[in-house]
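This report introduces one protein model to a reader who has not met it before. It proceeds from the sheets to the ligand and then to a pocket.

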Amino acid sequence: MEQLIKQIEDYKQEINNYVAANADDAETFRIKYLGTKGLVKSVMGEMKNVPADQKKEFGQLLNDFKLFTEAKYEELKETTDNGKANTENTIDISLPADTLPLGSRHPISLVRNRIVSIFQRLGFAVAEGPEIEDDWHNFTALNLPENHPARDMQDTFYINQNPDWLLRTHTSSVQVREMEKGKLPIRIICPGRVYRNETISARAHCFFHQVEGLYIAENVSFADLKQTLYFFVQEMFGESVKVRFRPSYFPFTEPSAEMDISCLICGGKGCNVCKHTGWVEILGCGMVHPNLLENCGIDSNKYTGFAFGMGVERITMLKYQIKDLRLFSENDLRFLKQFTSAV
Ligand code: PHE
């Protein structure tokens with residue numbers, strides 16, 4: 001029996017030192033030790049030769065040997081199976097995480113935020129109002145009474161439920177709401193979405209975004225208007241950009257002007273974008289018409305003010321040289337992904 005004990009010890013040593021480089025090696029181990037003609041079986045066969053009084057002791061010894069060999073096989077399988085057996089139940093927390101796709105701000109938002117921050121530095125506060133407006137705030141209070149021909153310039157969408165309701169055509173309606181509050185002086189900018197009944201093309205859409213501004217106090221003059229807008233243009237487009245004002249007409253301002261900047265593409269020499277004039281229009285402006293002040297309960301003998309309004313799409317198109325307005329609302333990621341940083 002001593003011999004058998006010695007034999008088992010040797011096998012254990014051998015098993016312990018067994019190394020498997022791959023799944024085939026592990027299988028060879030199984031056949032050699034645990035197979036039907038394997039070593040464990042043949043050692044078990046020795047039981048019949050063990051005297052009865054030693055059977056218990058040897059039974060234990062042989063069983064331990066079997067368990068030892070099986071455990072080694074499990075270990076070999078696990079390390080050679082390319083972790084296959086492993087993955088179902090465990091999570092490898094050391095793996096780098098899947099990267100989440102990061103969105104970016106819409107170019108219209110980037111440019112709107114930039115416009116807003118420039119005016120905020122001049123002391124303008126942001127004011128907002130409803131996109132569904134009533135006739136008074138969008139037209140009548142702004143010196144555009146019913147049947148006024150200038151209403152045609154801003155045809156909009158009306159709401160069946162109430163013919164007095166409409167989608168605002170400009171954020172000047174927010175200016176009216178602020179003036180009606182009667183707290184002076186007023187120095188606000190009004191960013192927001194506006195609507196017009198226009199055929200969709202590369203240059204027009206049924207909705208777009210505006211930033212309008214209003215400053216009302218004592219002794220506000222056209223010089224203040226010019227200086228404010230001049231500052232804005234320099235901050236937005238750089239110091240080399242030139243500015244010019246052309247007389248224009250708006251029912252809510254008198255005098256009124258449109259402001260052009262020298263073409264950013266050709267530097268003023270003339271190209272397709274500026275239609276060979278060297279200038280591109282960027283906004284409308286003027287001194288607030290006294291009728292507006294009176295409509296909103298402000299003494300027009302004491303107070304004066306200026307107002308201006310610009311389309312954010314237009315500024316964005318100039319800033320990034322985008323030729324088609326429709327790109328802004330098509331949600332094509334190939335387009336949108338290009339605007340990741342602030343302007
Ligand atoms: N409300 C005008 C528009 O939408 C822009 C504007 C605002 C013009 C203020 C003059 C003064 O076209």
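Which residue in S4 is the bridge partner of Asp 134? The bridge partner of Asp 134 in S4 is Trp 165. The model is a predicted one, in which local features need pLDDT of at least 70 and side-chain atom pairs count only at pLDDT 80 or more, while totals for chains, interfaces and linings use all residues. Residues are numbered from 1 along each chain as its sequence is written, and side-chain values use heavy atoms, with hydrogens and water left out.

**The sheets**

Strands (E, at least two residues) and helices (H or I, at least four) are DSSP runs numbered from the N terminus, and two strands pair if DSSP finds at least two bridges between them. Asp 134 and Trp 165 belong to an open sheet of 3 strands, in the order S2-S4-S3, with antiparallel pairing. Its edge strands, each pairing on one side only, are S2 (132–134) and S3 (158–159). Between S2 and S4 (residues 162–167) there are 3 bridges.

A further open sheet has 7 strands in the order S1-S5-S6-S10-S9-S8-S7, and its pairing is mixed. Here the edge strands are S1 (125–126) and S7, each of which pairs on one side only. The table lists pairs of strands from this sheet.

| Strand pair | Bridges | Sense |
|---|---|---|
| S1 and S5 | 2 bridges | parallel |
| S5 and S6 | 10 bridges | antiparallel |
| S6 and S10 | 8 bridges | antiparallel |
| S8 and S9 | 8 bridges | antiparallel |
| S7 and S8 | 7 bridges | antiparallel |

Individual residues can be followed across these pairs. Ala 125 stands opposite Ile 188 in S5. Glu 212 in S6 stands opposite Cys 190, and the bridge partner of Glu 212 in S10 is Gly 309. Ile 261 in S8 is the bridge partner of Val 243, and Ile 261 also stands opposite Val 280 in S9. A hairpin through 2 residues joins S7 to S8.

Burial (under 20% relative accessible area, with over 50% counted as exposed and values in between as partly exposed, for a 1.4 Å probe and protein chains only) is known for two of these strands. In S8 (residues 253–262), 8 of the 10 residues are buried, and the strand is mostly covered. S6 is largely enclosed by the rest of the structure, because 10 of its 11 residues are buried.

**The ligand**

The ligand is surrounded by 14 residues, and the closest are His 170, Ser 172, Arg 196, Gln 210 and Glu 212; a residue counts here if one of its heavy atoms lies within 4 Å. A polar contact is a pair of N or O atoms within 3.5 Å. A polar side-chain atom of His 170 is 3.0 Å from a nitrogen atom of the ligand, and one of Ser 172 is 3.1 Å from a nitrogen atom of the ligand. An N or O atom in the side chain of Gln 210 lies 2.8 Å from a ligand oxygen atom.

**The second largest pocket**

A pocket is an open set of points on a 1 Å grid over the protein atoms alone, where a 1.4 Å probe fits, with protein on both sides within 12 Å along at least five of seven lines; lining residues have an atom within 4 Å of a point. The second largest pocket has a volume, the space filled by probe spheres set on the points, of about 160 Å³. Its lining includes His 106, Arg 193, His 205, Glu 313 and Phe 328. The largest share of that lining, 3 residues, comes from S6, and helix H6 (107–121) supplies at least two residues.

Notes: A polar contact is a pair of N or O atoms within 3.5 Å; within protein, one must be able to donate a hydrogen and the other to accept it, and residues adjacent in sequence count only if both atoms are side-chain atoms.
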